[in-house]
Amino acid sequence: MIFVWHVLAHLRKELRLEWRSRDAITGMLFFSLLVVVVFSFAFDPTALVSRQIAGGILWMVLLFAATTALNQSWTRELRNHVLDAQRMAPSSAAALFLGKALANLLFVTAVELVLAPIFTVFYNLHALGQGWLLLAVMPLGTWALVANGTFFAALGLRTRNRELMLPLVLFPISIPALLAMVQATTAILTGESDPGLWLRLLLVYDLVFTTLCLLLFDLVLHAD
Amino acid sequence: MFLRFRDKIILMPPTAPPNRRPLTLGIAWLALTLVFLVIGFREAIFIAPPDAAQGNVGRIFYWHVPSAMLGLVFPYVNFFASVAFLYLRRRNPHAALTADAWAIAAAEVTLVFTSICLATGMLWGKAVWGIWWAWDARLTSLLLLWLLYVAYLITRRLSTPGQTSTVGAILAVFAAIDVPIVYFSIQWFRTQHPSPVFGGDGSLDPTMYPAFLWNVAAWLMWGILILAFRFALERRRQRLDQSAILAALNPANDGANPGMEPGHAF
């Protein structure tokens, strides 16, 4: 129970910081808007083609946008040695991780909520499959990205070149999740195949890696 | 700074008495490996019959498949050594350093074998399929394995001295858990979209077994040799690191080694 309070305290702190600065969300939003425009120039898609590629583009945009924000999410803690204070605090390291990952989930979800109508308009989309399933795919996929991303961004604090380190590690580890979210989204948008298998894969991936992150985060925090 | 580094020093025997036994064993192992490699080469090139469908091009199989098999064996060494490191880190730092040396040695050997496998596979693909690369399930999984280990080694390189082993070990655990998920997801992906190339396994003709088995044995021995060699090298590097730290901590030595950073690989 005390663990839940610690998580909520971390989450509240993250949300307040973001509310005051609005660095992460503004940055991600503008970045993803730019990528949407650039992609539409690169492919010049028709309605039929865009339905097939929109799933892939959507997740690539979110992956890149999330990476830029995740890189910043721990540097905040370095200012004024906040991280050192966190390490000495009697709360568990997993609570710190979970609070930050949940905050990042909320930030990326906020971006998705703005991005969804933009995507629909710019790429002339409407789902031919069961559109409501996107309500399961989006949070599961986002969590897969931010949980591992938050973890590896913290691991990146232990390296010299952290902006490079995060994509270097996050992308290969996330390949199964990326495959699952892109396939599920495309299946829903085109209505040609069943997204069930990919949803299950995403769920398993989330469970496995969330457990792993929670178990190993203490090691990252006390790596030296 | 003094306190920071003092915590991390793990004393090893400063100068081990010269022990010739590992060297003799290594040279004997090298000689035996060379004999096996020669026999394997002879069997594969001169004795085994040409492949019924592919002719002499099929002979690359004797190098390609053993490398693929060994490229899948050495990641286990890396994983178990990394888990051992994480377990021993606080309990027995000396043994943990040994485990870490095994982990990095195994990761580099893995990269050597997967690279050989990918390269020989592409050569074969160009000759038989007419294309260098196909996004087939097996090729894609192996490429991802290769990418994961490249990421592992680069991260180790970029990490802050003193934390390299922990960062590496955590990443190794992630990679080990990711590999089976990658494997299955790509299987599903590629069975849903039939690939342009055949994926089925042909059966091996009995006349080809000797060449194949000799090569598996020979390359396994070679893999163990470079693994042990790399391990010994890493142990020396660890010793050197520690003597550099000790020298930096010695007040009498202050400023004696300008520009030499403790914990830096050199």
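User: Before I look at chain B, what counts as a helix or a strand, and in what order do the elements of chain B run?

Analyst: Helices (H or I, at least four residues) and strands (E, at least two) are DSSP runs, numbered from the N terminus. In this predicted model, local features need pLDDT of at least 70 and side-chain atom pairs count only at pLDDT 80 or more, whereas totals for chains, interfaces and linings use all residues. Residues are numbered from 1 along each chain as its sequence is written, and chains are lettered from A and ligands numbered from 1 in the order in which they are written. From the N terminus on, chain B runs α-α-α-α-α-α-α, with seven helices and zero strands.

User: How do I judge the length of a helix, and how many residues has H7(B)?

Analyst: The expected span is 1.5 Å times one less than the number of residues. H7(B) has 41 residues and reaches 59 Å from its first C-alpha to its last, close to the 60 Å expected. Helix H2 of chain B, residues 21–47, has 27 residues and reaches 37 Å, close to the 39 Å expected.

User: Which residues of H7(B) are buried?

Analyst: A residue is buried if 20 or more other C-beta atoms lie within 10 Å of its own, exposed if 12 or fewer, and partly exposed in between, the C-beta atoms being placed from the backbone. In H7(B) the buried residues are Ala211(B), Trp214(B), Asn215(B), Ala218(B), Trp219(B), Trp222(B), Gly223(B) and Asp241(B), and they pack against H2, H3 and helix H4 (93–128) of chain B. In H2(B), Thr33(B), Gly40(B), Glu43(B) and Ala44(B) are buried, and the buried residues of that helix pack against helix H3 (61–91) and helix H7 (209–249) of chain B. Leu30(B), also found in helix H2 of chain B, is partly exposed because 14 other C-beta atoms lie within 10 Å. Over the 266 residues of chain B, 29% count as buried.

User: How should I read the packing of two helices, and at what angle do H6(A) and H7(A) pack?

Analyst: Axes are lines fitted to C-alpha atoms, for helices over the stretch in contact, and angles run from 0 to 180 degrees between N-to-C directions. Helix H6 (residues 134–156) and helix H7 (residues 162–190) of chain A pack at about 170 degrees, with their axes 9 Å apart. H6(A) is therefore roughly antiparallel to H7(A), a term for angles over 145 degrees. Two residues are in contact if their C-beta atoms, placed from the backbone, lie within 7 Å; here the contact includes Leu134(A), Val137(A) and Phe152(A) of H6(A) and Met165(A), Leu166(A) and Ile188(A) of H7(A).

User: Where does the largest share of the nonpolar core come from?

Analyst: A nonpolar core is a set of buried Ala, Val, Leu, Ile, Met, Phe, Trp, Tyr and Cys residues joined through C-beta atoms within 7 Å. The largest has 115 residues, and those with the most contacts inside it are Leu202(A) and Ala103(B). Its largest share, 16 residues, comes from H7(A). Leaving aside neighbours within four places in sequence, Leu202(A) is in contact with Leu140(A), Gly141(A), Ala144(A), Ala177(A), Ala180(A), Met181(A) and Ala184(A).

User: How many residues do the two chains bring to their contact?

Analyst: The size of an interface is often given as the accessible area lost when the parts come together. Here it is described by residues, with 25 of chain B in contact with 25 of chain A. Helix H5 (137–158) and helix H6 (164–192) of chain B each supply at least two residues of the side that touches chain A, and the largest share of that side, 13 residues, comes from H6(B).

Notes: Angles under 35 degrees count as roughly parallel, over 145 as roughly antiparallel, 65 to 115 as roughly perpendicular and the rest as oblique.
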